[in-house]
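User: I'm new to this structure and would like a close look at one part of it, the surroundings of the second ligand. Could you walk me through that spot and then show me how the rest fits around it?

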Amino acid sequence: MKCLRCGYCCIQLMVTIVKPEFIDEDLDFDNLSVIDKVIMKESGKWCPYLELNGEEYSCKVHNKPWYKDTPCFAHTQIENSIDDECRMGAGVTNRFKDHLKSLKRRN
Ligand code: SF4
Ligand code: SF4
């Protein structure tokens, strides 16, 4: 599944994230000691690593060497193939575009 970076999961889901003070470390997710270096981001709260650039969200820790070992990287939804766009993200981004259009019409 292709994530469309709609921001929904990074705000609405409860997610395990690395504590800010450890993001520059060489983290080993196979080692249980990493538990002290992660926290649960509550559902409905903006992840501290989420950034909004225009109409697209990005993640500040995507380029860290340990990112591919995180639950965020493993997160997916049931789609027919890894090349299919996320259906929830498509719905959210379409609504976001409609909202922007309606704001422009009002101005
Ligand atoms: S770490 Fe990145 S991918 Fe994970 S919830 Fe935060 S912004 Fe989203
Ligand atoms: S809903 Fe889909 S597109 Fe949006 S952030 Fe989650 S996985 Fe990505």
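Analyst: Let's start with the shell around ligand 2, where α3 gives the largest share, three residues. Keep in mind that this is a predicted model. The residues around ligand 2 are Cys3, Leu4, Cys6, Gly7, Tyr8, Cys9, Cys86, Met88, Gly89 and Val92. Two elements, α1 and α3 (87-106), each give two or more residues to that shell. By class, the shell around ligand 2 splits into eight nonpolar and two polar residues, with no charged ones.

A word on confidence while we're here. Among the elements of the protein, α3 has the lowest mean pLDDT, 78, while strand β2 (residues 38-41) has the highest, 96. Across the protein, pLDDT averages 87, and 97% of the residues score at least 70.

Now look at Arg5, which sits in the segment before α1. Arg5 isn't a glycine, yet its phi is positive, about 55 degrees. Is Arg5 buried or exposed? Arg5 counts as buried because it has 20 C-beta neighbours inside 10 Å, and 20 is just what the cut-off for buried asks for.

Gly7, another member of the ligand 2 shell, leads us over to a strand. Gly7 and Leu52 are 45 residues apart in sequence, but their C-alpha atoms are 8.4 Å apart in space. Leu52 belongs to strand β3, and it counts as exposed because it has 11 C-beta neighbours inside 10 Å. Opposite Leu52, in β4, stands Tyr57. The two strands, β3 (residues 50-53) and β4 (residues 56-59), pair in the antiparallel sense over four bridges. Their hairpin has two residues between the strands, and Gly54 there takes a positive phi near 65 degrees.

Tyr57 also takes us inside, since the largest nonpolar core includes it. That core has 11 residues: Cys6, Cys9, Cys10, Val15, Ile17, Val18, Leu27, Cys47, Tyr49, Tyr57 and Cys72. The elements giving two or more residues to this core are α1 (8-12) and β1 (15-18), and β1 supplies the largest share, three residues. Cys6 and Cys9 are in this core and are also found around ligand 2.

Val18 is another core residue worth a stop. Setting aside its neighbours within four places in sequence, Val18 is in contact with Ile23, Leu27, Lys37, Val38 and Val61. Leu27 is in the core as well.

How about the other ligand? Around ligand 1 you'll find Cys10, Val15, Ile17, Cys47, Tyr49, Leu50, Cys59, Val61 and Cys72. By class, that shell has nine nonpolar residues, no polar ones and no charged ones. Several of its residues turn up in the core too, including Cys10, Val15 and Ile17. Val61, a contact of Val18, is part of the ligand 1 shell.

Finally, step back to the whole protein. Three helices and four strands make it up, and from the N terminus on they run α-β-β-β-β-α-α. The C-alpha atoms fill a box of roughly 55 × 35 × 25 Å, taken along the principal axes. Of the 107 residues, 15% count as buried. Among contacts with a separation of 6 or more, 68% join residues 24 or more positions apart. The pair we met earlier, Gly7 and Leu52, is separated by 45 residues in sequence.

Definitions and conventions
Residues are numbered from 1 along each chain as its sequence is written. Chains are lettered from A and ligands numbered from 1 in the order in which they are written. This is a predicted model: local features need pLDDT of at least 70, side-chain atom pairs count only at pLDDT 80 or more; totals for chains, interfaces and linings use all residues. A residue is near a molecule or strand if its C-beta atom, placed from the backbone, lies within 6 Å of it. Ala, Val, Leu, Ile, Met, Phe, Trp, Tyr, Cys and Pro count as nonpolar, Asp, Glu, Lys and Arg as charged, and the others, Gly among them, as polar. A nonpolar core is a set of buried Ala, Val, Leu, Ile, Met, Phe, Trp, Tyr and Cys residues joined through C-beta atoms within 7 Å. A residue is buried if 20 or more other C-beta atoms lie within 10 Å of its own, exposed if 12 or fewer, and partly exposed in between; C-beta atoms are placed from the backbone. Two residues are in contact if their C-beta atoms, placed from the backbone, lie within 7 Å. Two strands pair if DSSP finds at least two bridges between them. pLDDT is the predictor's confidence in each residue, from 0 to 100.
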